[in-house]
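Work through the exercises below with the sequence and the model at hand. Each task is followed by a solution in steps.

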Amino acid sequence: MYDQIIEVLSFLGAIGDYSYLDRLGNAIDEASILEALRDAVRAYYTNCLNRPPCVEYDREKGLGIKCPQLKPEDLEKETSYITMNLSKASRIEIIKMSREIALKAYARIGDIREKGLCRIGE
C-alpha cells in the first residue's frame with residue numbers, strides 16, 4: 001500500500017528518530033499527515049543521499065543501520081498517492097490512515113535493525 005513511506009518511517013525509527021512516527025500517529029487532519037510525511041522523506045534524504053550507506057545508530061558499539069535503497073521518483077509517487085487519497089477521505093478515514101501507516105512502520109523497526117545492521121565506516 002504505502003510500502004516505501006513505511007520503509008522510510010521504519011528506517012528513521014530504527015536509527016532512533018521516532019519524531020515523525022509520533023507526529024503521524026497523532027495526526028488528526030490532512031495537513032498534519034502530509035507535513036509529517038514530507039519531513040520524514042526529507043530526513044531520509046538528509047541521512048541517506050550522497051552519504052555513507054551506514055547511518056549511526058549506536059556510537060559506543062560503532063553500529064549503524066543501512067539506508068534503504070529507494071528511488072526518489074517512487075517516493076514522490078507514493079506521497080502523491082497518499083495526498084490524493086487524503087483529499088477524498090473523511091476525517092475518520094484520515095485518522096485511520098495516519099494510525100495505520102504509523103503502526104505498520106513501528107512494527108517493522110525491529111526487522112530493519114536486524115537486517116540492516118552495519119558497522120560505521122564500512
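The exercises cover the disulfides and two further residues of this predicted model.

**Exercise 1.** Determine how many disulfides the structure holds and which pattern they follow.

Solution. Step 1: apply the cut-off, which is a pair of cysteine sulfur atoms within 2.5 Å. Step 2: Cys 48 and Cys 67 meet it, with sulfur atoms 2.2 Å apart. Step 3: Cys 54 and Cys 118 meet it with a separation of 2.0 Å between their sulfur atoms. Step 4: the structure holds 2 disulfides. Step 5: counting bonded cysteines along the chain gives the pattern 1-3, 2-4.

**Exercise 2.** Describe the link of Cys 48 and Cys 67: its handedness, the elements it joins and the burial of its cysteines.

Solution. Step 1: the angle about the S-S bond is -85°, and the link of Cys 48 and Cys 67 is left-handed. Step 2: Cys 48 belongs to helix 3 (residues 30-48), while Cys 67 sits in the loop between strand 2 (63-66) and helix 4 (72-88). Step 3: the two cysteines are 19 residues apart, and the pair links distant parts of the chain. Step 4: both Cys 48 and Cys 67 are buried.

**Exercise 3.** Do the same for Cys 54 and Cys 118, and state which parts the pair ties together.

Solution. Step 1: the link of Cys 54 and Cys 118 is right-handed, with 100° about the S-S bond. Step 2: Cys 54 lies in strand 1 (residues 54-58) and Cys 118 in strand 3 (residues 117-119), so the disulfide ties together parts that are 64 residues apart in sequence. Step 3: Cys 54 is buried, as is Cys 118.

**Exercise 4.** Place Asn 85, decide whether it counts as buried or exposed, and name the residues it touches.

Solution. Step 1: Asn 85 is found in helix 4. Step 2: buried means under 20% relative accessible area. Step 3: Asn 85 counts as buried because its relative accessibility is 18%. Step 4: leaving out residues up to four places away in sequence, Asn 85 touches Tyr 2 and Met 97. Step 5: the side chains of Asn 85 and Tyr 2 are also joined by a polar contact of 3.4 Å.

**Exercise 5.** Place Arg 38, classify its exposure, and give its C-alpha separation from Thr 79.

Solution. Step 1: Arg 38 is in helix 3. Step 2: its relative accessible area is 45%, so Arg 38 is partly exposed. Step 3: the C-alpha atoms of Arg 38 and Thr 79 are separated by 8.1 Å, and the two residues are 41 residues apart along the chain.

Technical notes
Residues are numbered from 1 along each chain as its sequence is written. This is a predicted model: local features need pLDDT of at least 70, side-chain atom pairs count only at pLDDT 80 or more; totals for chains, interfaces and linings use all residues. Side-chain values use heavy atoms; hydrogens and water are left out. Helices (H or I, at least four residues) and strands (E, at least two) are DSSP runs, numbered from the N terminus. Buried means under 20% relative accessible area, exposed over 50%, partly exposed in between (1.4 Å probe, protein chains only). A polar contact is a pair of N or O atoms within 3.5 Å; within protein, one must be able to donate a hydrogen and the other to accept it, and residues adjacent in sequence count only if both atoms are side-chain atoms. Contact means heavy atoms within 4.5 Å.
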